[in-house]
Amino acid sequence: MKFDWFVVPFLAGLTFVFGFCGIKFYRWIRQLSRGEKLMLKKHVFSRSLWLSVKEIFSESLLHRKIFRTHPLLGYMHASLAFGWFLLIVLGNVEVKFYSEYSVNPPYVPIFLNYFEPVTAPNFFGRGFRFLMDLLLLVILSGVALAYFKRFNSRRFGMQRTTQHHFLDRIAIISLWCIFPARLLAESLSAAIYHNGSFLTNTLSKWLSALPVESMLYPAWWGYSIVLGAFFFTLPFSRYMHIPTEVLLIILRNAGIRSHYFGHPYQEVDTFSCSRCGICIDACQLAAVGNSVQPVYYLRSLRYQKPHENLTENCLLCGRCVEACPVGIFSTDIRRHERTLGHEMCNTHYAFKYQLKNNTPIEVLYFAGCMTHLVPAIKKSMTSILDHSGYSWRMLDADEEICCGRPLLLAGQITAANKVIMHTRSLIENSHAQLLVTSCPICFKTFSENYRLSIPVVHHSQFINMLQQEHRIPVHRRNISVKYHDPCELGRGMHVYNEPRSVINRIAHLQPNVHEKAKSLCCGGSLGNTYIDMETKLQLADQALQQMEVQSADYLITACPLCLKTFSSVSPIAVKDIAELAAESIKDTIVPFVKVIEENKSATFAEK
Ligand code: SF4
Ligand code: SF4
């Protein structure tokens, strides 16, 4: 077996990193519940594992998602990750050709040019040398870009970049040195044995004036030391995301998710953050000087630093989750963390509202607390439901029923469950066949937390169905509108097409660059109780400017909270999609002008 003492730093670092990751991964998997372990086993020993392999290849190595949004950044990540991966693969293939042993220790492919300096390479040997030089050049271009990005992130399409802590700095300096050190060692070898290719040969000519023979051995030592330094610091730095992301992809594809704060999946999520900083630009709070973005939140979680402000002062709008190339569910982690130490509110409720009428009906309409603050939506829905021909009733006509979502977002789980159980019994006892709600927040809560025996739809879906079935008349108007996707309806429930279908039948829908999953938050989120009204309105104003709403006659949305928030600062009239649909019904019982007037008189402060 070939050996030299200079391989020790590399070998020790490699052993350490494999040992550390092995123990860490074992602990995470051991903490999974029995059911989750079964799910993992089923995934690993079935054909669905292929999904994970494909994702590891396309995301962990090629960084496809980053390429799509930030091409230069994507190239930087892919050249380093995929280039290094190919270099290792090629090194192992080359060893098979040149080594006298059939099995070699892991350092031989890495330092092959030291152990097997082929002096007169044949055709294949020259091919290997060429490919090695090519890969090294690609990786070095990635290193150069990474260095450049530290000082000029705007060129990479990013407004801000993250700060490194001490071990991050050592890891990053080691990483930046690995490939120049390899180039130097290989070029010195090429100067002595004339076995290089276009890159190493060129450099060897420049180096030939120096005492290359005496420089060769220290150069291999240097290469081994920087590799070892990188491996020793990797588990404590941001680069721990490299091995952890592989486990994250497998767990995610196995269907495992975090259910509580401290769940092993949440830890894997936290360690998988590469601190690429893409979530900073996605977050609207960054523009108002608030640093609550996942990159900071996950970092403080990982190093167990105090971070109450980061947990609470977030809109839970999900824009960062949508933008994250790793697919980290940071909003879930925040919601779960909010349940810690918060169970302090009174949970002894004497519910005022009891079911007064349980005559069987077809449609049960639930307006929601926020909709009661926008009477125009309620009136429009009343008109639409009356015209629909369905028998219907409004569950919360007396305004005394809550879906429980505000309590859930505040981490008051016991109180929320009490409210949910009560409201659920009212819905089930109504004997309706369909539940329609005007509030996306209620819609998400009914869909995810209630386990109802009847289907639940948002009113935009219901109106679309009524129009498709010609149950309500549609009058096309000569108006131009922009549509704003509410966070909970779009990113939260993936309802994108139905509102657009409704609008397209009535008005001209203008394109909006910030639409669907990229939609902007109105700023009025119930998820953030720390933010003041001034900042909320500032966020709403910035969102309207970015959507360039002035070019339209109306801004249409499908959430009472978005409508109220935008109405306070919008230069054009803001309407709910139900108002637009009700207006298009001939002889509507809701005079539209009156609805607008009521909207204006319902001030934001009423919230
Ligand atoms: S949370 Fe996602 S987007 Fe944000 S820094 Fe981490 S990996 Fe990047
Ligand atoms: S959920 Fe929204 S407000 Fe919170 S960090 Fe992500 S983008 Fe920012």
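Start by selecting strand β7 (residues 554-557): Y554 and I556 point one way, L555 and T557 point the other way, and all are buried. Here "buried" means under 20% relative accessible area, with exposed over 50% and partly exposed in between, using a 1.4 Å probe and protein chains only. Strands and helices are DSSP runs numbered from the N terminus, with at least two residues in E for a strand and at least four in H or I for a helix. In a regular strand the side chains alternate between the two faces of the sheet.

Before you go on, a word on what is on screen: this is a predicted model, where local features need pLDDT of at least 70, side-chain atom pairs count only at pLDDT 80 or more, and totals for chains, interfaces and linings use all residues. Residues are numbered from 1 along each chain as its sequence is written, chains are lettered from A and ligands numbered from 1 in the order in which they are written, and side-chain values use heavy atoms, leaving out hydrogens and water.

**Around β7**

Keep β7 selected and add strand β5 (residues 480-483), which pairs with β7 in the parallel sense over three bridges. Two strands pair if DSSP finds at least two bridges between them. Click K482 and look across: its bridge partner in β7 is L555. Now bring in strand β8 (residues 573-576), which runs parallel to β7 and is joined to it by four bridges. There, L555 stands opposite V574.

**The four-stranded sheet**

Next, show the open sheet with the order β2-β1-β3-β4 and parallel pairing. Which strands are at its edges? They are β2 (392-394) and β4 (456-458), each pairing on one side only. On average, neighbouring strands here are turned by 25 degrees against each other, direction ignored; the axes are lines fitted to C-alpha atoms. Zoom in on β3 (residues 434-437) and you'll find three bridges to β4, in the parallel sense. V436 stands opposite V457 in β4.

**Rings to find**

Switch on the aromatic side chains: the whole structure holds 37 aromatic pairs. Rings of Phe, Tyr and Trp (its six-membered ring) pair if their centres lie within 6.5 Å; planes under 30 degrees apart are stacked, over 60 edge-to-face, and the rest tilted. Pick F3 and Y107: the centres are 6.1 Å apart and the planes at 75 degrees, so this pair is edge-to-face. F3 belongs to the segment before α1 (8-31) and Y107 to helix α6 (residues 107-110), so the pair ties together parts 104 residues apart in sequence. Buried or partly exposed? F3 counts as partly exposed at 40% relative accessibility, while Y107 is buried at 2%.

Now try W84 and F230, a tilted aromatic pair with 6.0 Å centre to centre and 45 degrees between the planes. W84 sits in helix α5 (residues 71-98) and F230 in helix α11 (residues 212-233), so this pair links parts 146 residues apart in sequence. W84 counts as buried at 18% relative accessibility, and F230 is buried at 1%.

**Last stop: R334 and ligand 2**

Select R334: its charged end sits over the ring of Y297, 4.6 Å from the centre (NZ of Lys or CZ of Arg must be within 6 Å of the ring centre and within 35 degrees of the ring normal). R334 also comes nearest to ligand 2, along with C283, C314, C317 and C320, out of 14 residues around that ligand; a residue counts as near if one of its heavy atoms lies within 4 Å. The elements giving two or more residues to this shell are α17 (319-323) and α18 (330-338).

Terms used. Axes are lines fitted to C-alpha atoms, for helices over the stretch in contact, and angles run from 0 to 180 degrees between N-to-C directions.
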